[in-house]
Amino acid sequence: MLGEAGATVYCTGRSVRGRLASGDSRPETIEETAELVTARGGKGIAVRVDHSVEAEVEALCERIRAEAGKLDVLVNDIWGGETLVEFGTPFWKQSPQKARLMFERAVFTHVVTSRYAVPLMVERDRGLIVEVTDGDSFGYRGSVAYDVTKMAVIRLAFAMSRDLRRTNVTALAVTPGFLRSEEMLAHFGVTEANWRDAVKKTPDFIASETPAYVGRAVAALAADPGVKARAGRVVASWTLAREFGFTDVDGSQPHWAEYFEKTYRKPYTVADDSAYASWLGGSIETVAPDWPVY
């Protein structure tokens, strides 16, 4: 979807044609992603990078500097935790090894990637960092390791925004709704052509969205001259769709919050100004307002 907006996109990850990531059963590759970017009108460039390896991330950013001379948008959507989540199991019975690997893949990778990518933005005093998470509230997400991981990247967006507050670089977090990804389609035994057949088993799937929806959300944020006002916050694809007027690829506008409230007759909680109030005005910023030193 960034390609649709005319962008050159460096598509990174570990799975390349003929060499999938260790332990990964999914067939998608970064070459395929790059080709989708180009097909939409942009320029897709596939670069194999293990984002948990600092030297590989540094080399990627050096390549971007050499080839493009700048970086406008960083989308930290590194996850790799599909086989590590243990829903329905209390934390005292969960695997510490799986939790450690999840934190490394889905949190540390974001930290190290931002460390080497963001200087390209700060140098030009412009740019957007998007942390992709799950959920636009601070509520519990059903599994301790998963909850900590997804809240960590929300907090990472906030923390980075504090360091960036005297620049024109914006860090924020974005969440999709019930994502109709390739893996979810496979999980339900359907394809994008007949995905509604899965609703018989999982009724909530009727409110699902394709990855293009959150992709268009990112593109809309990247083009928004007022994006700085959202610094440090988390926002949902469906909220941005209503605000900016974009749709999913089928022309629909799925809205997970409205679906939830209508179906479950419970209020949908959002991390609004009151939720963030206690995150602002911490002791460091109170007694040392110039922290950190630039």
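The exercises below, each with a worked solution, concern a predicted model of a protein chain.

**Exercise 1. Describe the chain as a whole: how many helices and strands are there, and how does the radius of gyration compare with the globule rule?**

Step 1. Begin with the secondary structure, which comes to 10 helices and 6 strands.

Step 2. Turn next to the radius of gyration, which is 19 Å for this chain, close to the 19 Å that the globule rule gives for 294 residues, so the chain is as compact as a globular protein of that length.

Step 3. Add the extent of the C-alpha trace, which spans about 55 × 45 × 45 Å along its principal axes.

Step 4. Consider burial and surface: 45% of the 294 residues count as buried, while the accessible surface comes to about 15300 Å², with 55% of that area belonging to carbon and sulfur atoms.

Step 5. Finish with the contacts between residues at least 6 apart in sequence, of which 69% join residues that are at least 24 apart.

**Exercise 2. Work out the order of the strands in the open sheet, and explain which strands stand at the edges.**

Step 1. Write down the order, which is β3-β4-β5-β6 for the 4 strands of this open sheet, and note that the pairing is parallel.

Step 2. Look at the two ends of that order: β3 (73–76) and β6 (234–236) each have a single partner strand, so one side of each is left without a neighbour in the sheet.

Step 3. Follow the twist, which averages 30° from one strand to the next.

Step 4. Examine one pair in detail: β5, made of residues 169–175, pairs with β6 in the parallel sense over 3 bridges, and V174 stands opposite V235 in β6.

Step 5. Place the helix that belongs to this part of the picture, namely α7 (residues 237–244), which lies across β5 and β6 and runs at about 70° to β6.

**Exercise 3. Decide whether Q94 is buried or exposed, and describe what surrounds this residue.**

Step 1. Locate Q94 in the loop between β3 and α3 (96–122).

Step 2. Compare the relative accessibility of Q94, which is 12%, with the cut-off, since a residue counts as buried when its relative accessible area is under 20%; Q94 therefore counts as buried.

Step 3. List the residues that Q94 touches, leaving out those up to four places away in sequence: they are E86, T89, S143, V144 and A145.

Step 4. Look more carefully at T89, because the side chain of Q94 reaches the backbone oxygen of T89 at 2.8 Å, which lies within the 3.5 Å that defines a polar contact.

Definitions and conventions
Residues numbered from 1 in each chain as written. Predicted model: local features only at pLDDT ≥ 70, side-chain atom pairs only at ≥ 80, totals over all residues. Heavy atoms only, no water. Pairing = 2+ DSSP bridges. Axes fitted to C-alpha atoms, helices over the stretch in contact; angles between N-to-C directions. Contact = heavy atoms within 4.5 Å. Buried < 20%, exposed > 50% of the residue type's maximum accessible area, 1.4 Å probe, protein only. Polar contact = N/O pair within 3.5 Å; in protein donor to acceptor, adjacent residues only side chain to side chain. Rg over C-alpha atoms; globule rule 2.2 N^0.38 Å. Areas by Shrake-Rupley, 256 points an atom, 1.4 Å probe, with all protein chains shown as cover.
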